[in-house]
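Visitor: Before we look, I would like to ask how the terms used for a model like this one are justified.

Guide: Then let us take the terms one by one, setting each against its definition.

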Amino acid sequence: MTSPRQRAIAEFVLDHLVWFMLAFVLIVFSIFVPNFFQVGIFANIVEQSTFVGVMAIGLAIVIIAGHMDLSVESTAALAAMITGILFCSRGIGIGLTLTPEWLVLPLSLIIALAIGAAIGLLNGFFVIRLKMTAFIVTLASFIWVRGLVVAISGGRSAQDLAPSIRVIGIYQILNVPLIAWIAIACFAVFSFIMTRTPFGRHVTLVGGNSVAAFRAGIKVDRLLFISFILAGAIAGLAGWLLAIRTSGATANLGVGMLFHAFAAVVIGGVSLKGGVGRLPGVYAGVLLLSSINTAINLMGLPAHYTQVIQGMLVLAAVLLDTLKLQIRQRFA
Amino acid sequence: MNRIRRLLTASIAIAAVGLVSPAFAQSKGKIYYMVPTLLDEFQTESVSSLTKFLGDVGYEVVTLNADNKTDLQQSQMNDTILLKPAAIVLAAVDFNALVPSIEKARAAGIPVVQFDRQIKSTPSDFTSVAGTIEIGYVAAGEVQRLLKEKNGAVKGKILQVLGDPADPYTLDIQQGFEEKMKEFPDAQIISLPAMMWEASNAGTIVSDQIVANPDIDLIFLHAAHLSVAAVAALEAKGKKPGDVMLMSSNGAPVGLDLIRKGWLNVEVEQPLYAQSAAVAMFADKIVNKQEIKAGTYNVLGLESTVTIEAWGPNIKIPGAAITKDNVDEPRFWGNLKAPTDKIMPVE
């Protein structure tokens with residue numbers, strides 16, 4: 001027999017397991033990895049989590065809604081490339097300027113979001129209206145959107161992003177660049193939306209059982225459409241941030257980030273079956289991966305180990321998820 | 001229904017016109033160029049320069065992009081062999097895996113040219129390379145010079161940012177670089193790979209290392225596009241041009257721009273235009289299976305040496321170190337001013 005208090009503690013630990021894992025990993029690295037324990041490194045971890053983190057938000061929303069979006073990486077790359085082409089002054093950049101100069105900041109952001117939303121809309125159309133499988137539709141988008149990046153850039157790069165946009169990547173608050181604060185703000189806003197608004201609760205319901213949600217009067221198709229558009233727009237935001245970080249764009253920018261975003265989503269406790277998952281957990285997952293990456297950089301281990309460890313972490317996360325279910329059943 | 005049928009017919013017609021029309025072009029034949037990827041500027045420009053120079057000597061170039069996938073390039077080779085082109089120019093994704101395809105093509109009577117990436121384990125009809133290990137040598141020489149200028153001797157801390165660790169190109173540069181740096185034990189080298197040659201991965205490495213090792217004297221990145229992200233990372237850490245010495249290789253336009261802005265000290269260039277021009281100069285001899293004689297040849301003003309090696313005739317074109325003193329010279333492909341003079345075939 002377990003007391004309600006014991007049960008509450010166990011529930012809390014199970015719900016926030018990834019945060020405990022993160023704390024454990026940070027303590028271990030701080031003790032054993034030379035030069036790890038310093039403010040600059042922790043700031044780096046937060047900064048480096050920005051792009052995969054933002055991308056993972058949109059991905060998590062679609063997965064919680066019971067679908068999948070493999071196109072987020074290429075969408076981010078396209079948004080980054082178009083930002084680069086329009087607002088970079090070197091390479092293939094055309095160096096668009098506005099008066100006053102700061103206007104390029106909101107304009108570039110709106111363009112990046114619009115590009116992402118358009119791809120999300122297209123994905124949504126094929127999946128919801130034409131009833132095609134999300135996996136196939138977004139896989140196709142993953143391929144054609146990257147192809148579009150190569151086609152519009154001709155394989156060349158854009159550099160020297162307008163200083164009024166670059167300021168986001170350079171300006172720091174509490175030793176952490178503004179781009180990282182944008183990622184943190186995104187997690188805060190979307191965590192609120194997912195838990196405290198009807199939209200978020202309905203997305204979770206739809207992902208858990210779309211038929212039941214439909215019978216309960218929820219407009220399932222509309223909700224899924226919005227989820228895909230949101231995922232695309234958020235990927236566009238990730239691309240915009242990526243262009244800021246690298247002061248431009250190359251045709252292969254962001255390659256491999258989809259898998260990291262997926263890993264973070266799974267490690268963060270989002271069920272690939274849909275209907276389960278919280279965004280703060282996803283952020284912890286991203287921070288965990290970033291911490292491991294940084295530790296490997298500092299230890300000078302071959303980068304292949306990062307992939308091995310990430311793969312094992314995903315497996316461990318799925319295993320823990322299964323264990324969590326069993327433990328919950330014992331407490332029930 | 002009729003409308004759909006009409007659209008379908010029109011699409012097929014357009015596709016057919018697109019596919020068939022090049023066949024009417026007057027040329028000595030088609031040469032297939034197997035480009036490993038189109039995701040970097042060197043490769044993109046290699047397509048343009050080979051198309052231009054081989055066009056000068058009467059050949060039509062068809063390019064197939066392998067997207068950095070070995071298996072895809074193998075399939076492309078198999079398909080191309082069936083088309084019986086005048087020759088195949090191969091920039092191999094993988095130095096070993098493509099050997100059977102090269103042998104198969106040559107057995108079918110199709111000459112194979114190795115471009116940019118040297119394969120020594122099987123004979124080819126011609127090889128045109130800058131020498132990736134040699135790029136490492138040139139880079140080491142420049143690092144030694146820069147460290148001596150800064151510290152009075154070849155000592156200090158170097159961060160070497162490789163490309164993808166599965167790419168032999170970057171491993172060769174690393175091998176050449178470290179071989180020449182071995183004799184200077186006071187120069188400490190920290191080597192880390194930027195997975196998939198992705199720029200933000202390089203930025204991450206630089207921002208971590210500059211915090212953990214603030215005494216880094218020099219950062220050597222194996223491609224110019226990686227140095228853009230490195231500069232952005234340094235800028236975010238409050239660094240100014242000249243605070244940390246920077247060097248990269250391949251000579252892409254981005255690298256040259258960074259030299260002009262004062263961030264990059266040296267760019268080790270691969271002589272792309274000369275490498276392409278050399279293929280065109282010898283194309284007739286390669287296609288007609290005539291003897292290529294060893295000796296020194298002038299390729300776009302660069303004194304290049306043809307040697308007859310176990311793997312066939314090999315032309316090696318010297319790479320160059322680009323600094324702020326010579327950055328504007330048009331011979332560097334990073335300035336994207338391809339020579340307009342017609343290439344003349346070697347008699």
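Guide: Domain bounds come from an automatic or database domain assignment, and this is a predicted model. For chain B, that assignment gives domain 1 as 2-130 + 271-335 and domain 2 as 133-269.

Visitor: How do you know which residues of domain 1 and domain 2 of chain B are in contact, and how many are there?

Guide: Two residues are in contact if their C-beta atoms, placed from the backbone, lie within 7 Å. By that criterion, 18 residues of domain 1 of chain B are in contact with 21 residues of domain 2 of chain B. Helix 2 and strand 14 (320-322) of chain B are the elements that give two or more residues to the domain 1 side, and strand 14 of chain B gives the most, with 3 residues. By class, that side has 10 nonpolar, 4 polar and 4 charged residues. The C-alpha centres of the two domains of chain B lie 29 Å apart.

Visitor: What makes strand 2 and strand 11 of chain B edge strands?

Guide: The open sheet of 8 strands in chain B has the order 2-1-3-4-5-13-12-11, with mixed pairing. Strand 2 (60-65) and strand 11 (295-299) of chain B each have a single partner strand, so one side of each is left without a neighbour in the sheet. From one strand to the next, the twist averages 20 degrees.

Visitor: How do you know that strand 12 and strand 13 of chain B pair, and in which sense?

Guide: Two strands pair if DSSP finds at least two bridges between them. Strand 12 (residues 302-309) and strand 13 (residues 312-316) of chain B have 5 bridges, in the antiparallel sense, and Val306(B) stands opposite Ile315(B) in strand 13 of chain B. Helix 2 (residues 41-56) of chain B packs on the sheet, where it touches strand 1 (30-35), strand 2 and strand 3 (87-90) of chain B, and its direction makes about 165 degrees with that of strand 1 of chain B.

Visitor: Why is helix 5 of chain B called oblique to helix 6 of chain B?

Guide: The axes of helix 5 (residues 132-151) and helix 6 (residues 168-181) of chain B come within 7 Å and cross at roughly 45 degrees. Angles under 35 degrees count as roughly parallel and 65 to 115 as roughly perpendicular, and the crossing angle therefore makes helix 5 of chain B oblique to helix 6 of chain B. The crossing is right-handed. Among the residues of helix 5 of chain B that meet helix 6 of chain B are Ile135(B), Tyr137(B) and Val143(B), while the helix 6 side includes Ile173(B), Phe177(B) and Met181(B). The residues of this contact divide into 10 nonpolar, 5 polar and 3 charged.

Visitor: How many charged residues has the contact of helix 4 with helix 5 of chain A?

Guide: By class, that contact has 10 nonpolar, 4 polar and no charged residues. The helix 4 residues include Leu78(A), Ile82(A) and Phe87(A), which lie in a contact with residues of helix 5 such as Ile111(A) and Ile115(A). The axes of helix 4 (residues 72-87) and helix 5 (residues 104-129) of chain A come within 9 Å and cross at roughly 145 degrees, in a right-handed crossing.

Technical notes
Residues numbered from 1 in each chain as written. Chains lettered and ligands numbered in written order. Predicted model: local features only at pLDDT ≥ 70, side-chain atom pairs only at ≥ 80, totals over all residues. Axes fitted to C-alpha atoms, helices over the stretch in contact; angles between N-to-C directions. Nonpolar A, V, L, I, M, F, W, Y, C, P; charged D, E, K, R; others polar. Parallel < 35°, antiparallel > 145°, perpendicular 65-115°, else oblique. Left-handed = near helix turned anticlockwise from the far one by under 90°.
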